[in-house]
Amino acid sequence: MAIQRVSSKWAKTNVLLRNRQVARYIPITLKYSRAALGEMLDQRSLVYIKPDIGTYGNGVMCVERLHEVKKNIEQDAPDSISEHYRLHYVTSSEDYHSLNDLHGAIRSRTQQKTYLLQHGISKLKYRNRSFDLRVLTQKNPSGNWETTGIIGRVAAKNKIITNYHSGGSIQMLDEVLKEHASQEQINELEKELYNLGEKTAQQLQKDYPRLKEIGLDIALDTDLYPWILEVNTLPAIFPFKKFFKDKSVYRRIERYAIAYGRITVPAKAGRSKSKA
Ligand SMILES: Nc1ncnc2c1ncn2[C@@H]1O[C@H](COP(=O)(O)OP(=O)(O)O)[C@@H](O)[C@H]1O
Ligand SMILES: [Mg+2]
């Protein structure tokens, strides 16, 4: 039977929220509406907006709520604070002074499609570029879920997304983390992410029994807390071939992928269809 793929982020999020151990890693996520936008922007100064069904970072936007302090020229009168919103597309941005105008601009981009709103995570930086992590978890030939690799995905300069298809680059986990954490902390986090990948797969499997592989997009906040941004059911495997010096990492990934029928010939086959 074919390997299961699930495209709706909303559907997958709701399955994961039913598991308390996984739910604590998921940023609050709502279906997009003007009311939900207002509500989320009341609580947070960074909010992401993304298509329910989308890949490669297409259609992803974010809104920053900004304060501007205007000095009052009249003596003794208090300074006034004005708030506005900055709507970022992948590389450009526009400012709006009311929620209505902001919503109008977003709606003109999203049309009537289902979009999601998510608490924005202020991602850590590597050489001044945001990065997140990709955790690959596969069904092994003994029938257990096993995390088989983690890589860092670094955004292209000034981009709000880290997808490889949007000019991002791949780095090793230790490399992206070395300026933020000790080796001991990195090892701890790695262990936590290995577990999280496996727990996430087990939970999704309850509703999607024919899943064989998943790729978690994980953003680390400034406390190194790992947030699950999305779970891909057709994860790219080529980055693990290209970037791991330790060839045994990719050999295992490939062996598992062959065992469950993702690829029949070594590597390249996965490339054109994969999501990075
Ligand atoms: N809540 C969020 N906070 C911070 N960055 C985010 C958030 N959601 C998405 N991103 C950024 O946008 C990228 C693409 O979003 P994602 O949900 O993975 O959609 P896609 O399916 O298009 O890859 C992520 O890899 C990440 O860099
Ligand atoms: Mg993604």
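Trainee: Which residues of helix 3 (residues 34–43) are buried?
Mentor: Ala36, Leu37, Gly38, Met40 and Leu41. Buried means under 20% relative accessible area, exposed over 50%, partly exposed in between (1.4 Å probe, protein chains only). Helices (H or I, at least four residues) and strands (E, at least two) are DSSP runs, numbered from the N terminus. This is a predicted model: local features need pLDDT of at least 70, side-chain atom pairs need 80 or more, and totals for chains, interfaces and linings use all residues. Residues are numbered from 1 along each chain as written, chains are lettered from A and ligands numbered from 1 in written order, and side-chain values use heavy atoms, without hydrogens or water.

Trainee: Why does Gly261 count as partly exposed?
Mentor: Its relative accessibility is 48%, so it falls in the middle class. Gly261 sits in the segment after helix 8 (247–259).

Trainee: What makes Asp217 and Glu230 donors of the magnesium ion (ligand 2)?
Mentor: Their OD and OE atoms lie 2.0 to 2.1 Å from the ion. Donors are N, O and S atoms within 2.8 Å of the metal (3.2 Å for Na, K and Ca); water is not among the atoms, so sites may look incomplete. Both residues therefore qualify. Asp217 is in strand 11 (residues 213–220) and Glu230 in strand 12 (residues 226–232), so the pair ties together parts 13 residues apart in sequence. Both are buried.

Trainee: Why is helix 1 called roughly perpendicular to helix 6?
Mentor: Helix 1 (residues 9–17) and helix 6 (residues 183–207) pack at about 110°, with axes 9 Å apart. Angles under 35 degrees count as roughly parallel, over 145 as roughly antiparallel, 65 to 115 as roughly perpendicular and the rest as oblique. So roughly perpendicular fits.

Terms used:
Axes fitted to C-alpha atoms, helices over the stretch in contact; angles between N-to-C directions.
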